[in-house]
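Student: I have a new model open and would like to learn how to read it step by step. Could we begin with a single residue and then work outwards?

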Amino acid sequence: MFVKFPQGATERTDKDAAAEVLYDVVIVGAGIAGSIIAAQLSEAGKRVLILEAGPAEDLTLRGYESYLDRFYSSTSKDNQAPYPASLAAPMPRGTDTRRIAPGAPDTSAYLVQSGPLASDTTYTRVLGGTTMHWEGKTPRMLPDDFRMRTLYGEGVDWPLSYEDLAPYYAEAERVIGVSADVEDQSFLGITFDERYVYPMKGLPLSYLDRMVAKDVDGMPVELDGEQTRLRVRPFPQGRNGIPNPAYDGGNGFVPQGAVSTYQVEVGERCQGNNNCVPICPVQAKYHAGKTLTVALESGRVDLIAQAVAYRVHVDPETGRVQEIEYRRYKRPDSKAFTTVRARGRLYVLATNAVENPRLMLASGLRGSSGLMGRNFMDHAYLLTWGLLPEVAGTFRGTNCTGGISDLRGGRFRRNQAAFAVDIHNDGWGWSRGAPMTDLLDLVDNGGRYGESLRQGLVDRVSHQLLLAFMVEVPASPSNRITVDPSYTDRLGNMRPILTYAIPDYTMRGVAYARQLSKRIFARLGAEDHTDYDPNFWGYATYEGQGYEIRGGNHLAGTHMMGSDPSTSVVDADQRSWDHQNLFLVGGGSFPTVGTSNITLTIAALCRRSARAMLTQLDREQAPVQLATAGAPSHREEAGR
Amino acid sequence: MTDPTINSRDDLIRYLDAALALEHATIPVYLTAYYSIHSTTNSDAAHIIRVTAVEEMLHLTLVANVMNAVGGSPDLTRPGFVPSYPAYLPDGEDDFTVDLRPFSPEAVETFCKIERPRKAPDPQARLMAVRPEESLLVGSPTASGIRFYSIGEFYEEIMEGLQRLAAEDPKLFSGDESRQVGPEQFYSGGGMIIEVHDLASACRALQLISEQGEGLDTGVYDAEGELAHYYRFRQLQFGRYYQKGDKADAPSGPELDIDWDEVWKVKVSPKLADYPPGSELAAAAAAFNTDYGAFLTLLTRAFNGEPDRLQDAVWWMFRLRDSVNRLIRNPLPGSDGLHAGPTFEVTGTGGALS
Amino acid sequence: MTAPSLDDFVALSVDLTAFGETDLLGTGLGSPYLAKLRGACGDAVVTALFAAHQAARAESAGDPDGFDRALRYRIFSDDCLGPVARNVIKLWYAGTWYGLPPEWTDSYGAQSAAQTSTVTAASYQEGLLWRAIGANPPGAKAPGFGSWAEPPRIDDRYLKGARR
């Protein structure tokens, strides 16, 4: 089924009229978190206003294809290549990353980096947010990940358990449309309801995965006195596969294809474009535009784009948010803007774990716990790469179909970080820019042309294996987002400043990952070509060894949830302890990131929080004091 | 009322076999136009043509499901299954020529004619005598020298025959259920694939073909809220999309851009004989035909008890896409600047499968 | 001086890429690539390159080893033609014109040759690199659901490899 975007929805809301409306909920950010909450609240009859910093363009097929054209035409194919850069709402870009000299923050790009370690972490500011470029892996977190402090004395416990979140995981898997098989995903304590099946069957492992599995399956590993055997396991994926007829008690599942303003059927099944990041050309990969469309179709959701939230205004007496002041720009390149306000009974900040605390801190709202912006987390990626003895047909499939998940949990977590391992179907692309760099090297330095070039490409590229170790990073208060009035963007918004170092706990996991990769390559008979460049922007040393560390765009921790207001920013519903009508949602609420890509858990938490919002809206029937007179008459419930 | 032409299961199967060939016959026509469009241009038109072609694949599969349900064996490899272009289709009193053409106003005119709903003025007029020189796609497979007034009337005949036979023969739907193609195998079409087990599901399947495609007029939008093919193509003539509530002659949706020049000017209904003998290009054109035959063999297997083969057929289809694109971008020597194109001269049993 | 012809360009490109004429023209980019080459390097250089290629062909008279040597002597080792020929290979394989180094532009002018650029949105999709490794250019020419579980479609003659 195609997803019909209501034509003109990005233009139909007049900002000045909207400023006079008291919405049930004002949401900042039209990514997956904001879209899920908007869809769920509007389904319950609530009126919602969404503010989005990115361009005000309907999700049309032609608009999507303009992303694709920009990608095709761009000489850099990084995560942001397809998406329009806006000076008014800039995006961090991986290609901006520079090595940071001690004591000299890198201020050259939107994200100011004080280091000591630079990060190439990004997020995308368009309708649909970062799910436009996400890869689409959707693993659940392990039950252990929610109790790290209790079990291993490391990190922070969640105020929620896996069991609390499990039903919302199932809801999130429906919203996203996840392809996976329960039998592959039941490990290390992950459990499912007895009759549960994923909406769609698991995507097949790639030929490359199967080649690795032939030798790696059954490989014994002993760690901290525990024995485990590795196996190549498929990842759950947020992209369309074969619908499982047993889903929903036998009702099946209808995959959601492309978003368009008119009828066109495309994207109902992944076609193996091997381009999940940065853009799936057929929209077989889930992106939040699909959920945003559902919300807008309700007719109860207004959307104002090109609207960058500037300040959260709080009643000093009650601590309640009174309004969000935003700056609306006319064109992406314009300096001029209009200041507008948005008012609701509830407010939701659904940007991401960088922009949420940035906005709060820029509004002078540090939080009574002092933790706003602290405990920034991401995954630390360690890449290792080699050449397999046989042609493995690298560069086919989705970006990643399988990997090793057996070391995501275990007793060793009392000493060192856990990790999940991706087998990358795009070879050394991430580590060394393959296959273009191979081509250039063979032609420019290898004297290859004609048949010898074709042979050289098969030898060099089709044997490539890249293992990406996604290593957990625990919360550390000194890793943080801050703001400084001396760093502002074109609209006068304070830019985020990232201070980031990799904790030793993670580095121990990194060092172990490197050792394990050597054993795996040896077992495969692969040539290990891993080589870490001391001049790399993310070069970090540990116990005399140097490693290239990359970011995962899995932003988390900066408004951590907890059960104690003195040690957390939000409660288990993602409601601010300090501001009772404000929710800060998304990865920022995570106390731990574990070894799961964060989007599925964000979606599950938002499904859960939306219920809390509905409960709160029902409970708070008391009249809301309007700042000015003249509330529109059609909002009569506001005055009761 | 003329006498019914479907009086037995065999008659019915012969009709379904003709329907299979008919549904297939439009696919090369749409594919040629679709792939003639320059990459990354004419997005609106390209999508409309592509989606229609995919739905013709759906129709083909639906016919196969009906055929399997009544104990037939769909065969896409029989000699003559792929027509020789130009082929002829009925359009009421007259018939018209269907060529393999690049995307052009003439091509769209042909698409509209293929898909235009035409109801016979009275039941007597459903069947018409065929002029002897014609090789028609919509002749009656059981009564010689007879063709149908329109594709819609052809399907009406099948549905009436089906209902009559089902009433007479309770065992009509005795086909092996494992031969049905379901939603796990077929995807990406407007309207879901329908597995056929009885009269009701058979009628639903044929009804879907009729409503989406070349059937009798059911209005701009069908029961599922989908645009029938005819109206999709009309949008290309109007330069504007329909939206709900529109009258047939006045679409009021978003505008749609067409650039007739962003097209490879493919020679109309090319033949292998047009290619320079012994050339690399001629070999590529011949290889395409072999591969297309292999594709039809694969579909035949998918429709004869191996429905999972449909997945392989899709891969094959994607490879054919790349071959067609390569052909179309090559100038055809000696054709006044026109370009090469697939000839779809598929003989008999198809090529070897790897 | 007559303008460099597409035929000469394609003949050179067949030898440089080991893809046939039908494959090269089948990208639809023969003329745009020739135009890019001429625009970047100037007709004098392009004509010299084509002439060197024809001379190498004539000189080796069908002997493959002799032809290889002639290409190396006349083109690949030439200060002017070597970088240009390598750029033609990369253009066909990647769909990108890679900027020539300053030492080349300093000697032979044609500053626009120094700019790295894609030729058209289609040129990335038509890169021969992807066909050489039996893959699709990421984001285009999809191979179909599940096809990635099968062995790659790489011609047998490349499978044994020269790596070890």
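Tutor: Let us begin with Leu371(A), which touches Met560(A), Ser568(A) and Val569(A) when residues up to four places away in sequence are not counted. Please keep in mind that this is a predicted model.

Student: Where in chain A does Leu371(A) have its place?

Tutor: Leu371(A) is found in the loop that runs between helix H10 (355-362) and strand E13 (380-387) of chain A. As for distances, the C-alpha atoms of Leu371(A) and Leu359(A) are separated by 14 Å, the two residues being twelve places apart along the chain.

Student: Does Leu371(A) count as buried or exposed, and why?

Tutor: The general idea is to count neighbours, a residue being buried if 20 or more other C-beta atoms lie within 10 Å of its own. Leu371(A) counts as buried because it has 23 C-beta neighbours inside 10 Å.

Student: Which residues of chain A does UniProt list for "domain: Glucose-methanol-choline oxidoreductase N-terminal"?

Tutor: The UniProt record, an unreviewed entry, lists residues 274-380 of chain A under that name. Over residues 274-380 the chain is 16% helix and 34% strand, with the end C-alpha atoms 23 Å apart. The same kind of reading can be made for "domain: Glucose-methanol-choline oxidoreductase C-terminal", for which UniProt, again in an unreviewed entry, lists residues 478-605 of chain A. There the chain is 22% helix and 17% strand, and the end C-alpha atoms are 25 Å apart.

Student: Now for the contacts between chains: how many residues do chain A and chain C give to theirs?

Tutor: In general, the size of an interface is often given as the accessible area lost when the parts come together. Here we can go by residues, and the contact takes 44 from chain A and 43 from chain C. On the side of chain A that touches chain C, helix H3 (61-73), helix H12 (436-445) and helix H13 (450-461) each supply at least two residues, and the largest share, nine residues, comes from H13(A). By class, that side of chain A divides into 21 nonpolar, 15 polar and eight charged residues.

Student: And what does the contact between chain B and chain C take from each chain?

Tutor: That contact takes 14 residues from chain B and 18 residues from chain C. The elements giving two or more residues to the side of chain B that touches chain C are helix H7 (280-302) and helix H8 (309-328) of chain B, and H8(B) gives the most, with seven residues. Sorted by class, this side of chain B has five nonpolar, five polar and four charged residues.

Methods:
Residues are numbered from 1 along each chain as its sequence is written. Chains are lettered from A and ligands numbered from 1 in the order in which they are written. This is a predicted model: local features need pLDDT of at least 70, side-chain atom pairs count only at pLDDT 80 or more; totals for chains, interfaces and linings use all residues. UniProt positions are given in the numbering used here, feature names are shortened, and annotations may be inferred rather than shown by experiment. Helices (H or I, at least four residues) and strands (E, at least two) are DSSP runs, numbered from the N terminus. Two residues are in contact if their C-beta atoms, placed from the backbone, lie within 7 Å. Ala, Val, Leu, Ile, Met, Phe, Trp, Tyr, Cys and Pro count as nonpolar, Asp, Glu, Lys and Arg as charged, and the others, Gly among them, as polar. A residue is buried if 20 or more other C-beta atoms lie within 10 Å of its own, exposed if 12 or fewer, and partly exposed in between; C-beta atoms are placed from the backbone.
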